[in-house]
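Q: Please take a close look at one part of this model and then place that part in the wider fold.

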Amino acid sequence: MKRSAEEASLLVDFAADPCSNDANMESGDDARPHRVSTLSCFAAPPPSLVSSSHLSSSSLCSSATTISTTTMMHGTVSTMIDENLCDTPPNNNNAWTRFINARLLQRDGSLKMGALTVDSSTGIIIQIRFDSQPAEDYDHVLSDDDEDKLIIHTVDCRGMILSPGFIDLQLNGAYGVDFSGCVDDNDCTAAAGLCTDDIFQVANLLCQSGVTSFCPTMVSSSRETYRRVLPLIRRARREQQQHHQQNFEANTFKIGANILGMHLEGPFFDPLKRGAHDERHILSPSKGIDTVREVYGLSQVQENENDRIDYSNPMLTDIDIITLAPELDGALNAIKSLTTHTSASDHNVVVSCGHTGATYEEGIQAVTHGATLLTHLFNAMNPFHHRFPGLVGLLSSETKLRQMGSQRPHFSLIVDGIHVHESAVCMAYNSHPDGCVLVTDAMSAMGLGDGIHALGNMSVSIKGDRATLAGTDTLAGSVVSMNTCVRRFQEFTGCSIGEALLCATLHPANVLNRSVMREREAPIGVLEVGARADLVLVTDKLDVAATWVHGLVAYDGLKIL
């Protein structure tokens, strides 16, 4: 069957799996995933993950082009099987993986039994079926003659929950690595030097807690530190993207959580609300966006004398989120400049209000100028008062903001049981459930245990789950993992497991405008056809069983896949 010119021009170029009858397979009583077939498409999997058998009952290819569609929030995505695909010899670039007997997280927080298929050569979800779906709605079954034309394996999730991977928008560091630390220009031998291997180490280990994407976060720092760290993180992101592509082709390099743009927390804060941030670096953006560019060292994209763009300096595209105090001189100008786009190619920076003494009225101004997030709600801001609600009052101002042409901001919460009382967590969530975003705000001591550790140029004392500036009672970030935050959030609020998972998946993706297709970037934070296959398999107790990034195994927690 010949493809029409219109079909050939589709921007979404995903391979659709016509599927077998896996959706009818019965799940066992054991709530553990079971490997059915080969895992040869995964990058360097541990021996416990590999099985040598193929599914003998699956038909894997078709001589005709098949079109299927699914509706996403932003429109309709078409998925296509190339009619020439069946003529391609078996190799890892044609590997599909099917997850069966899984409870799949939906955008409304519900969990639906079904199956999900991933093209492991692209890291994209290509098909989703639900057990309630009529058999006549399935794609046609491929012929047995085509069975060996693709490499397929199946993961039986045995009734466990398959969710999009967690997205942490505020991570100062972990496992001994501090993203605000000094940069080693030469190699990783210097004890205090931050290098790309350190960043990769964090990315790899985060998968143990179900995190598949994160924003490296810097506390208020010196101008020189910004000029050194931002280009380093950019280089790590580019190397990781190249390594992921190599994995699809050669199965090399360890898979880790996706490195997103940076979250710059400071230094434009109210000095009285600086918390654990070094007061020597705190200042106002008195000249608006010009001060922001000057402090971070942001360079305009300019060509040098050799007609090549110099990427050695920090650039606006390195940044996903900036937290600032909106009441400061010049702050509203900075907010508007950072969030106003004059062309479709302009980079989107999320401006968040935090470490601030802003009033409710000043918060309204910030939102109408473009701020869309509140950083670690309740912490480092004025408390809610019935006559002076402060920024917390924005959560219940849906009607007022809508009349002004704006929406309520999202808000992040550190639900470690220390930063925010469980009753306050419930109050915030019940006021604006769709806006709740869980963050760890973790610092370098996460995963290291009690002792004295570094946060920027400050010393932090860790005892249990509590992190404070050494010698004080001032909280200095957290040391809990994201899956722990999700578990405690669900316990505190009494919401469903699915609703808790949304606060670590869909909601942070919405903050970054990444839950929909964007400039050919596949969505994250959702389980939908065309979305990136960043996945976490969790139990009903929200323990992480396994994690996949770009459809490749990144963590096998139970050692039984």
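Which residues does histidine 376 touch, not counting residues up to four places away in sequence?

A: In this predicted model, histidine 376 touches Gln170, Glu265, His355, Met381, Ser412, Ile414 and Asp441, leaving aside residues up to four places away in sequence. Histidine 376 sits in the loop between β17 and α7. The relative accessible area of histidine 376 is 4%, and the cut-off for buried is under 20%, so histidine 376 counts as buried. One of the residues touched, Glu265, also makes a polar contact with histidine 376, side chain to side chain, at 3.1 Å.

The loop that holds histidine 376 also holds asparagine 379, between β17 (373–374) and α7 (398–403). Asparagine 379 is buried as well, with a relative accessible area of 15%. With residues up to four places away in sequence set aside, asparagine 379 touches His419 and Val420. A polar atom of the asparagine 379 side chain lies 3.1 Å from the backbone oxygen of histidine 419.

Two of the contacts of histidine 376 lead on to other parts of the chain. Glu265 is one of them, and strand β14 covers residues 262–265. The loop between β14 and α4 (289–296) contains proline 267. The peptide bond from glycine 266 to proline 267 is cis, and its omega is near 10°. Ile414 is also touched by histidine 376.

The nonpolar cores come next. The largest nonpolar core has 116 residues, and those touching the most other members are Leu116, Tyr296, Leu413 and Phe489. Helix α3 (residues 223–250) gives the most to this core, with six residues. A second, separate core has 14 residues, including Cys215, Ile414, Val511 and Leu512. Ile414, a contact of histidine 376, is therefore a member of this second core, as a buried nonpolar residue joined to others through side-chain atoms. In soluble globular proteins, nonpolar side chains tend to be buried together.

Leucine 116, from the largest core, has a long list of contacts once residues up to four places away in sequence are left out. Among them are Phe99, Leu104, Ile125, Ile128, Leu162, Leu527 and Leu535, along with Thr97, Arg98 and Gln127. Strand β4 (residues 96–105) is where asparagine 101 is placed. Asparagine 101 is buried at 5% relative accessibility, and its phi is near 55°, a positive value in a residue other than glycine. Leucine 542 likewise has a positive phi, about 65°, and is not a glycine. Leucine 542 lies in the loop between β23 (535–538) and β24 (544–549), and is buried with a relative accessible area of 3%.

Phe489, another of the core residues named above, leads to a pair of helices. Helix α9 (residues 482–493) packs on α8 with the two axes 9 Å apart and at an angle of about 85°. Because angles of 65 to 115 degrees count as roughly perpendicular, α8 and α9 are described as roughly perpendicular to each other. On the α8 side the contact is made by Glu422, Val425, Cys426 and Tyr429, and on the α9 side by Phe489, Phe492 and Thr493. By class, this contact has five nonpolar residues, one polar and one charged.

Helix α8 has further neighbours. The buried residues of α8 are Ala424, Val425, Cys426, Ala428 and Tyr429. These buried residues pack against β18 (410–413), β19, α9 and α10 (497–502). After α8 (422–431), the loop that runs to β19 (436–438) contains proline 433. Proline 433 has a relative accessibility of 33% and so counts as partly exposed. The C-alpha atoms of proline 433 and alanine 500 are separated by 9.8 Å, although the two residues are 67 residues apart along the chain.

For the protein as a whole, there are eleven helices and 25 strands. Of its 561 residues, 58% count as buried. Among contacts with a separation of 6 or more, 70% come from residues 24 or more positions apart.

Definitions and conventions: Residues numbered from 1 in each chain as written. Predicted model: local features only at pLDDT ≥ 70, side-chain atom pairs only at ≥ 80, totals over all residues. Heavy atoms only, no water. Helix = DSSP H or I, 4+ residues; strand = E, 2+ residues; numbered from the N terminus. Buried < 20%, exposed > 50% of the residue type's maximum accessible area, 1.4 Å probe, protein only. Polar contact = N/O pair within 3.5 Å; in protein donor to acceptor, adjacent residues only side chain to side chain. Contact = heavy atoms within 4.5 Å. Core = buried A, V, L, I, M, F, W, Y, C linked by side-chain atoms within 4.5 Å. Axes fitted to C-alpha atoms, helices over the stretch in contact; angles between N-to-C directions. Parallel < 35°, antiparallel > 145°, perpendicular 65-115°, else oblique. Nonpolar A, V, L, I, M, F, W, Y, C, P; charged D, E, K, R; others polar.
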